[in-house]
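Okay, thanks everyone for squeezing me in. Let me put the structure up, and then I'll talk through it.

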Amino acid sequence: MKTEDNDSLMESQIKELEQLRKRVKELENIEAENKIILQELAFEKDLLYSLMNNIPDTIYFKDRESRFVRVNKAQAQILGLSNPEEAIGKSDFDFFTKKHASEAFQDEQNILKTGKALIAKVEKIRRADGQYRYVSATKVPITDFRGKYIGIVGISRDVTEVIKAEDKIKKYSEELAKSNSSKDKFFSIIAHDLKSPFTSLLGIADFLSSHIDELAVEEIKILSESICKSANGVFRLLENLLQWARLQTGRLKFQPENLVLNDIIRSVGELYQDQIIKKEITLENRIPEELSVFADKNMTAAVVRNLISNAVKFTKPGGRISLLSVLQNDMVHVSVCDEGIGIPEDVKEKLFRIDECVSTEGTANEKGTGLGLVLSKEFVEKNGGTIGVESIPGQGSEFTFSLKAARD
């Protein structure tokens, strides 16, 4: 019995030993697998570390309260931190403007609520160094093993240069469209508005030449006045066209100087004295005698000439034109007021646009192209001022332009 018991005990011990060896082998295999897993994890960690700290894009992880859990070096630099660890526990409110931080917080909370990622949203941020930059931000939710949203991960790329390039392209496109529109209007004026008065001028001259022996002195006088009127109209149109063309091509010199306004007004007034007398218009000049501006003489004269010409053109016989001025904040505001036919509201918006030039006959059927106001606007703006109009149909108009006050 003792021998059998011993054999049974030995057999049991051998089985336990085998099981123990098998368990050891399993543990060794597990240890080997764990070692491989740890090596893989270490490799993945190295890859993540390398990515986080060498990629120029900013990467950041946040918890459910939008507080930073981890940021890379690029993000730390944006935040003005020397060590990424300093960002942990803080939020955008600690680094950015309240407006930007609030908007980012709302975006992130919406991501956590809906699970929908935010893709390539362009944001304007203020860096710690004070620079404003544009970034394209992408944010996606992070889940735990149960699928619960526990935070977000975001990556932002600086797209400032792209935005600047797009703005330049947009600007060039707008300038090209404006240039094409300007050229179309320019050729339209040449083809129609310049041809029309020449046709009239040539027709009258031809009639006068062919029938001069048959005409009475009074008839010849009337035809001569018509020729003179047409010639003056063509001259003014050509003058505006040439000035506008020089301005567009950069060949019109800009030479600002101190100018006495009344010297220019008197000079311009003489050009329209015959029309003013003929229409019995009262020209009232309330501008102080020595009021001066700092502007280009030729451009200022062109502006005054166009505004007075329009006032004379649209003022009814026996009406009044008033010239007023106000000195305010180193700017001189000059107004040319008439008691003319006025301008409808929908037309006012088009007066200073080359692509919407408006031409209306005067109270004595005077012709025009509308180019004068377009040219005036460009001249005034070239001198650092503004121009505008207030008008009531049937009661008159007030055109006001501003120029810099004269320098000491």
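I'll go through two sheets and the helices that lie across them.

One caveat before I start: this is a predicted model.

So, sheet number one. What's the strand order? Reading across, we get β2-β1-β5-β4-β3, an open sheet of five strands with antiparallel pairing. Out at the edges you've got β2, residues 68-71, and β3, residues 118-126. Each of those has a single partner strand, so one side of each is left without a neighbour in the sheet. As for the twist, neighbouring strands here are turned by 25 degrees against each other on average, if you ignore direction.

If you want to find the β2 edge on screen, go to β1, residues 58-63, which pairs with β2 over three bridges in the antiparallel sense. A handy landmark is Y60, whose bridge partner in β2 is V71.

Now, what lies across this sheet? That's helix α3, residues 98-114, and it crosses β1, β3, β4 (132-143) and β5 (149-158). Relative to β3, α3 runs at about 160 degrees. The helix is 17 residues, and from first C-alpha to last it reaches 24 Å, close to the 24 Å expected at 1.5 Å a residue.

Which residues of α3 are buried? The list is H100, A101, A104, D107, E108, I111 and L112. Look down the axis of α3 and those buried residues fall within an arc of 135 degrees, so they line one face of the helix. You can see the reason for that kind of spacing in any α-helix: there are 3.6 residues a turn, so residues three or four places apart point the same way. The buried residues of α3 pack against β1, β3, β4 and β5. Do have a look at D107 and E108, by the way, since both are on the buried list.

Flip α3 round, and the face turned away from the buried side carries the exposed residues K98, K99, Q106 and K113. And just after the helix there's G115, with a positive phi of about 80 degrees.

On to the second sheet. This one is also open and has five strands, in the order β7-β9-β10-β12-β11, but here the pairing is mixed. The edge strands are β7 (282-285) and β11 (387-392), and each pairs on one side only. The twist averages 15 degrees from one strand to the next.

Let's spend a minute on β10, residues 331-338. On one hand, β10 runs antiparallel to β12, residues 396-404, with eight bridges joining the two. In that pairing V334 has F401 as its bridge partner, and H333 stands opposite S402. On the other hand, β10 pairs with β9, again antiparallel and over eight bridges; there L323 stands opposite V336. β9 and β10 make a hairpin with two residues between them, and N329 in the turn has a positive phi of about 50 degrees.

Is β10 buried or exposed? Seven of its eight residues are buried, so β10 is largely enclosed by the rest of the structure.

Last stop is helix α9, residues 297-314. It lies across β9 (320-328), β10 and β12, and runs at about 170 degrees to β12.

That's my tour, so shout if you'd like me to rotate anything.

How values were computed:
Residues numbered from 1 in each chain as written. Predicted model: local features only at pLDDT ≥ 70, side-chain atom pairs only at ≥ 80, totals over all residues. Heavy atoms only, no water. Pairing = 2+ DSSP bridges. Helix = DSSP H or I, 4+ residues; strand = E, 2+ residues; numbered from the N terminus. Axes fitted to C-alpha atoms, helices over the stretch in contact; angles between N-to-C directions. Contact = heavy atoms within 4.5 Å. Expected span 1.5 Å × (residues − 1). Buried < 20%, exposed > 50% of the residue type's maximum accessible area, 1.4 Å probe, protein only. Arc of directions from axis to C-beta.
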